[in-house]
Amino acid sequence: MSGGPGSALRVDVRARVGGFALRGQLRAEPGEILAVLGPNGAGKSTLLGAIAGHVHDVAGTIRLGDAELHAANGRLVPPEHRRVGLLGQRSLLFPHLSVLDNVAFGPLAQGRGRSEAGAEAAALLDEVGMSGFEDRRPAQLSGGQQQRVAIARALAARPGALLLDEPFSGLDAQTAAQARRLIAELRDRRGIPMILVTHDVLDAVVLAERTAVLQDGEVVQEGTTRDVLGHPGSAFVAALAGVNLVTGRADADGRLVHPGAPGVAGAQIVFPPLAGATVGDEMSAVFAPGAVRIGTAVDGIHWAGTVDSLEPIPGGVRITTLEHPDIAVDCSSSTAVSVGVRPGARLSFALSPADVSVRAHG
């Protein structure tokens, strides 16, 4: 069975776990990490389980290079023969085995001799920065060290693809940063496709050239990480990216009209015209909360609002209004004092068109 370094992972499946249904069409190229974002219950773990062969009710195709791991006719390769590694949040190391024996377990199970398996395990431990820890038990290691050993164990099976299921979520910030660097190095050295499921947008920014978004069992957005995070297609990704996402429809001039809160008169915001947009097209605009100016004359987009909530942020305050509860505005503490920011205050807001990304979806 082929499907080693240099082989792309291509997935076009329908999977079901209980009452949940997933439909996913994704690809990860050799030497690429594809990040998969999505809220809880979106189907991320189901997707990885289907690729690894742990989900049984699957239809469609999964290919690693020219090897069919799951064929359209229902023929499938058992999980232990797929050469697809899966690394989760917990290291799941065997507590009674030494670090070296944990890593050598896979090669031994594949029929390699004890000497060969031990030598390969030692080399992999050196590759992940764990040389010198061969004789320790998992309980004698920190969480970050355990995860490094788990990575070495996954690589010991000589996978043609690697699936990463929230691998940094249980680590502190410094250890997670080190683990990200290790994964990036392995991506570049190993040249195998990787799919990274994560809730942390930093993982996608640091590691992935492309990102896909899963929601309710469907891939709702896929593209370069820059494009997906630069113009999110859902409130979930917008929140992760720290930007405002507002929606509306195009008027006769091709301008996005955002209606504001239901039942609030005069709440609409009108964005500049977009070439090619026609009346009624669904449109969206994305901009950073810090790009909005309060009480400042800026050519472009203007609206007014009544302060509803205030939230402290480093060096300032985040504002939302009754008219636009879905739009956050960040300002410095000095600005908040000078313009009189307080609950119930009526303020004017301005946004430069240069700070906004507007798209039509019609």
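**Exercise 1. Identify the residues through which helices H3 and H4 meet, and classify this contact by residue type.**

Solution.

Step 1. Helices (H or I, at least four residues) and strands (E, at least two) are DSSP runs, numbered from the N terminus. The model is predicted, with local features requiring pLDDT of at least 70 and side-chain atom pairs pLDDT 80 or more, while totals for chains, interfaces and linings use all residues. Residues are numbered from 1 along each chain as its sequence is written, and side-chain values use heavy atoms, leaving out hydrogens and water.

Step 2. Contact means heavy atoms within 4.5 Å. On the H3 side, Glu120, Leu124 and Leu125 take part, and they meet Val149, Ala152, Leu155 and Ala156 in H4.

Step 3. Ala, Val, Leu, Ile, Met, Phe, Trp, Tyr, Cys and Pro count as nonpolar, Asp, Glu, Lys and Arg as charged, and the others, Gly among them, as polar. The contact of H3 with H4 thus contains six nonpolar residues, no polar residues and one charged residue.

**Exercise 2. Describe the geometry with which H3 and H4 cross.**

Solution.

Step 1. Axes are lines fitted to C-alpha atoms, for helices over the stretch in contact, and angles run from 0 to 180 degrees between N-to-C directions. The two axes come within 9 Å and cross at roughly 135 degrees.

Step 2. Angles under 35 degrees count as roughly parallel, over 145 as roughly antiparallel, 65 to 115 as roughly perpendicular and the rest as oblique. H3 is therefore oblique to H4.

Step 3. A crossing is right-handed if the near helix is turned clockwise from the far one by less than a right angle, and left-handed if anticlockwise. The H3 and H4 crossing is right-handed.

**Exercise 3. Carry out the corresponding analysis for H4 and H5.**

Solution.

Step 1. H4 (residues 143-156) packs against H5 (residues 173-190) at an angle of about 15 degrees, and the axes are 10 Å apart.

Step 2. The two helices are therefore roughly parallel to each other, and H4 passes H5 in a right-handed crossing.

Step 3. H4 contributes Gly144, Arg148, Ile151 and Leu155 to the contact, whereas H5 contributes Thr175, Gln178, Leu182, Ile183, Leu186 and Arg190.

Step 4. By class, five nonpolar, three polar and two charged residues form this contact of H4 with H5.

**Exercise 4. Establish whether H4 is enclosed or open, and check its length against the expected span.**

Solution.

Step 1. The expected span of a helix is 1.5 Å times one less than its number of residues. For the 14 residues of H4 this should give 20 Å, which agrees with end C-alpha atoms 20 Å apart.

Step 2. Buried means under 20% relative accessible area, exposed over 50%, and partly exposed in between (1.4 Å probe, protein chains only). Since 11 of the 14 residues of H4 are buried, H4 is largely enclosed by the rest of the structure.

Step 3. The buried residues of H4 include Gly144, Gln147, Arg148 and Arg153.

Step 4. Packed against the buried residues of H4 are strand E6 (84-87), helix H2 (99-109), helix H3 (114-127), strand E7 (161-165) and H5.

Step 5. H2 has buried residues of its own, namely Val99, Asn102, Val103, Ala104, Gly106 and Pro107. Their cover includes H3 and H4.

**Exercise 5. Locate Arg158 and Asp216, and state the phi and accessibility of each.**

Solution.

Step 1. Arg158 lies in the loop between H4 and E7. Its phi is near 50 degrees, a positive value in a residue other than glycine.

Step 2. With a relative accessible area of 41%, Arg158 is partly exposed.

Step 3. Asp216 lies in the loop between strand E9 (210-215) and strand E10 (218-224), and the phi of Asp216 is likewise positive, near 50 degrees.

Step 4. Asp216 has 63% relative accessibility and counts as exposed.

**Exercise 6. Place Ile313 in the structure and name its contacts beyond its sequence neighbours.**

Solution.

Step 1. Ile313 belongs to strand E16 (residues 301-313); at 22% relative accessibility, Ile313 counts as partly exposed.

Step 2. Once neighbours within four places in sequence are set aside, Ile313 is in contact with Arg318 and Asp330.

Step 3. Ser332 is 19 residues from Ile313 in sequence, and their C-alpha atoms are 8.9 Å apart.
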